[in-house]
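The following exercises ask the reader to reason from a structure to its features. Each task is followed by a solution set out in steps.

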Amino acid sequence: MVDASTGIGAGVGAKLAPLEIAVTRTLIVSGAIASRDYQDVHHDAELAKEKGSPDIFMNILTTNGLVGRYVTDHFGPASVLRKVAIRLGAPNYPGDTMVLTGTVTEVEEEGRSGGECGDGGATVVVRIVGVNGLGTHVTGTVTVALPSLASPSNPTSTPSRPSVSGRPA
């Protein structure tokens, strides 16, 4: 399945454009605060070092949010995340860059097996990998519901494509 108006593919094997995310202290701390994760290893470098870490590091909830953003930036504002299942590996430390990549592994068209969209759309599963300078930071899958291209709720939706800076182009 390919959106004819944007050329964005949702067929099995389709690749999402990579997204580079600068891992800054501000991103790590603000993500921890936003998710109410006040563990010192996410905001206090000295206490993180006392606990054996070389610096503060990103929490899983921030990573989860970035993975979700990556998928919805690709498929557009009408897409709905149904499931995000991730595993963390190498920590994200300040000063590094995480690069997210994705590959569509499953597509279920509405009506063939009772898909989840309810409007003739599709349910898509995307395999996600995020790497940094230390190795693989995150792996997992994201299940996303896509509306029908002719859906009244999505008459002219144009998904944004993230730029190298991570902001929509």
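**Exercise 1.** Determine whether K51 is buried or exposed in this predicted model, and identify the residue with which K51 forms a salt bridge.

*Solution.*
Step 1. The relative accessible area of K51 is 55%. A residue counts as exposed over 50%, so K51 is exposed.
Step 2. The salt-bridge partner of K51 is D40, and the closest N and O atoms of the two are 3.0 Å apart. This distance satisfies the criterion, because a salt bridge requires the nitrogen to be within 4 Å of the carboxyl oxygen.
Step 3. K51 belongs to the loop between helix 2 and helix 3, whereas D40 belongs to the loop between helix 1 and helix 2; the pair, eleven residues apart, links distant parts of the chain.
Step 4. D40 has a relative accessibility of 17%. Buried means under 20%, so D40 counts as buried.

**Exercise 2.** The structure holds three salt bridges. Explain what the pair R25 and D55 ties together, and state how far apart in helix 3 R69 and D73 are.

*Solution.*
Step 1. The side chains of R25 and D55 meet at 2.7 Å, N to O. R25 lies in helix 1 (residues 25-34) and D55 in the loop between helix 2 (45-50) and helix 3 (60-75), so this salt bridge ties together parts that are 30 residues apart in sequence.
Step 2. R25 is partly exposed at 43% relative accessibility, while D55 is buried at 12%.
Step 3. R69 and D73 form a salt bridge in which the closest N and O atoms are 3.3 Å apart. These two residues are four residues apart in helix 3, which means that about one helical turn separates them.
Step 4. R69 is partly exposed at 28% relative accessibility, and D73 is buried at 12%.

**Exercise 3.** Check the span of helix 3 against the value expected for its 16 residues, and describe what its buried residues pack against.

*Solution.*
Step 1. At 1.5 Å a residue, helix 3 should span 22 Å. The end C-alpha atoms of helix 3 are 23 Å apart, which agrees.
Step 2. The buried residues of helix 3 include L66, V67, Y70, V71 and F75. The buried residues of this helix pack against strand 1 (15-22), helix 1, strand 2 (80-88), strand 3, strand 4 and strand 5.
Step 3. Helix 3 lies across the five strands just named, running at about 135° to strand 2.
Step 4. Just after helix 3, G76 takes a positive phi of about 100°.

**Exercise 4.** Establish the order of the strands in the sheet, and explain why one side of strand 1 and of strand 2 is left without a neighbour.

*Solution.*
Step 1. Five strands form an open sheet in the order 1-3-4-5-2, with antiparallel pairing.
Step 2. Strand 1 and strand 2 stand at the edges and each has a single partner strand, so one side of each lacks a neighbour in the sheet. From one strand to the next, the twist averages 20°.
Step 3. Strand 4 is joined to strand 3 (residues 97-109) by ten bridges and to strand 5 (residues 135-146) by eleven bridges. T101 stands opposite V129 in strand 4, and V131 stands opposite T136 in strand 5.
Step 4. Strand 4 and strand 5 form a hairpin with two residues between them.
Step 5. Eight of the eleven residues of strand 4 (residues 122-132) are buried, so this strand is largely enclosed by the rest of the structure.

Terms used: Residues are numbered from 1 along each chain as its sequence is written. This is a predicted model: local features need pLDDT of at least 70, side-chain atom pairs count only at pLDDT 80 or more; totals for chains, interfaces and linings use all residues. Side-chain values use heavy atoms; hydrogens and water are left out. Buried means under 20% relative accessible area, exposed over 50%, partly exposed in between (1.4 Å probe, protein chains only). Two strands pair if DSSP finds at least two bridges between them. The expected span of a helix is 1.5 Å times one less than its number of residues. Contact means heavy atoms within 4.5 Å. Axes are lines fitted to C-alpha atoms, for helices over the stretch in contact, and angles run from 0 to 180 degrees between N-to-C directions.
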